[in-house]
Amino acid sequence: LDVFGENREDIRLVLLDMTMPHMSGDEAFLELRRLDPEVKVILCSGYNEKEATRRFAGKGLSGFLQKPFRPADLVGELNRVLGEPEPEREAQER
């Protein structure tokens, strides 16, 4: 949160885990949104999507990644959220 607060003009997206030391994903998400209501946040969790995201319903969560995920899944979700074209799947798999 400190790094985000100091550099938010340069940060396009936050990849946030549900479980972290010192603060829950819910608390971190709310603080990120307080610092920048437009920040894009992708939640990643070992919990299933429905279970993990229900606490974020209507709060502006940008995306979700089920752990464990492949690098190609991360790249695809980042591109989707940032509105960028997705590179060819074969190149991502390498």
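Here are some exercises with worked solutions on this structure, which is a predicted model.

**Exercise 1. The main core**

Work out which residues have the most contacts inside the largest nonpolar core, and which elements feed it.

*Solution.*
Step 1: start with the head count. The largest nonpolar core has 13 residues.
Step 2: pick out the hubs. Val 14, Leu 16, Leu 32, Val 39, Val 41 and Leu 43 have the most contacts inside this core.
Step 3: map the core onto elements. Two or more residues come from each of β1 (14–17), α2 (25–35) and β2 (41–45). The largest share, three residues, belongs to α2.
Step 4: zoom in on one hub. If you skip residues up to four places away in sequence, Val 14 touches Phe 4, Leu 32, Val 39, Lys 40, Val 41 and Ile 42.
Step 5: don't stop at one core. There's a second, separate core of five residues, with Leu 13, Cys 44, Leu 65 and Val 81 among them.

**Exercise 2. One face of α2**

Find the buried residues of α2, explain why they line one face of the helix, and say what covers them.

*Solution.*
Step 1: list them. In α2, the buried residues are Gly 25, Asp 26, Ala 28, Phe 29 and Leu 32.
Step 2: look down the helix axis. The buried residues of α2 fit within an arc of 165°, so they line one face of the helix.
Step 3: recall some helix geometry. With 3.6 residues a turn in an α-helix, residues three or four places apart point the same way.
Step 4: ask what sits on top. The cover over the buried residues of α2 includes α1 (2–7), β1 and β2.
Step 5: try another α2 residue. Glu 31 is found in this helix too, but it counts as partly exposed because its relative accessibility is 25%, and the cut-off for buried is under 20%. From the C-alpha atom of Glu 31 to that of Phe 64 is 18 Å, with their positions 33 residues apart along the chain.

**Exercise 3. The largest pocket**

Describe the largest pocket by its volume, its lining residues and their chemical classes.

*Solution.*
Step 1: get the volume. The largest pocket holds about 170 Å³ of space.
Step 2: walk around the lining. It consists of Leu 1, Phe 4, Ile 11, Val 14, Leu 15, Leu 16, Met 20, Pro 21, Met 23, Ala 28 and Leu 32.
Step 3: sort by class. You get eleven nonpolar residues, no polar ones and no charged ones.
Step 4: sort by element. β1 and α2 each supply at least two lining residues, and β1 gives the most, with three.
Step 5: check one lining residue, Met 20. It lies in the loop between β1 and α2, and it counts as partly exposed at 30% relative accessibility. Beyond its neighbours within four places in sequence, Met 20 is in contact with Gly 25 and Ala 28.

**Exercise 4. Backbone oddities**

Locate the cis peptide bond and the non-glycine residue with a positive phi.

*Solution.*
Step 1: check omega. Lys 67 and Pro 68 are joined by a cis peptide bond, with omega about -10°.
Step 2: place the proline. Pro 68 sits in the loop between β3 (63–66) and α4 (71–82).
Step 3: check phi. His 22 isn't a glycine, yet its phi is positive at about 75°.
Step 4: place the histidine. His 22 is in the loop between β1 and α2, and it is exposed, with a relative accessible area of 84%.

**Exercise 5. Buried or exposed?**

Decide how Ser 45, Pro 37 and Glu 38 should be classed, and place each of them.

*Solution.*
Step 1: Ser 45 lies in strand β2. Its relative accessible area is 1%, so Ser 45 is buried. Apart from neighbours within four places in sequence, Ser 45 is in contact with Met 18, Ala 52, Phe 64, Leu 65, Gln 66 and Lys 67.
Step 2: Pro 37 lies in the loop between α2 and β2. At 48% relative accessibility, Pro 37 is partly exposed. Its C-alpha atom is 9.7 Å from that of Lys 59, 22 residues apart along the chain.
Step 3: Glu 38 is found in the loop between α2 and β2. Its 66% relative accessibility makes Glu 38 exposed. Glu 38 and Arg 12 are 26 residues apart in sequence, and 9.9 Å apart in space from C-alpha to C-alpha.

Definitions and conventions:
Residues numbered from 1 in each chain as written. Predicted model: local features only at pLDDT ≥ 70, side-chain atom pairs only at ≥ 80, totals over all residues. Heavy atoms only, no water. Core = buried A, V, L, I, M, F, W, Y, C linked by side-chain atoms within 4.5 Å. Buried < 20%, exposed > 50% of the residue type's maximum accessible area, 1.4 Å probe, protein only. Helix = DSSP H or I, 4+ residues; strand = E, 2+ residues; numbered from the N terminus. Contact = heavy atoms within 4.5 Å. Arc of directions from axis to C-beta. 1 Å grid on protein atoms, 1.4 Å probe; cavity = no way out; pocket = protein on both sides within 12 Å on 5 of 7 lines; lining within 4 Å. Points joined across faces, edges and corners; volume = space filled by probe spheres on them. Nonpolar A, V, L, I, M, F, W, Y, C, P; charged D, E, K, R; others polar.
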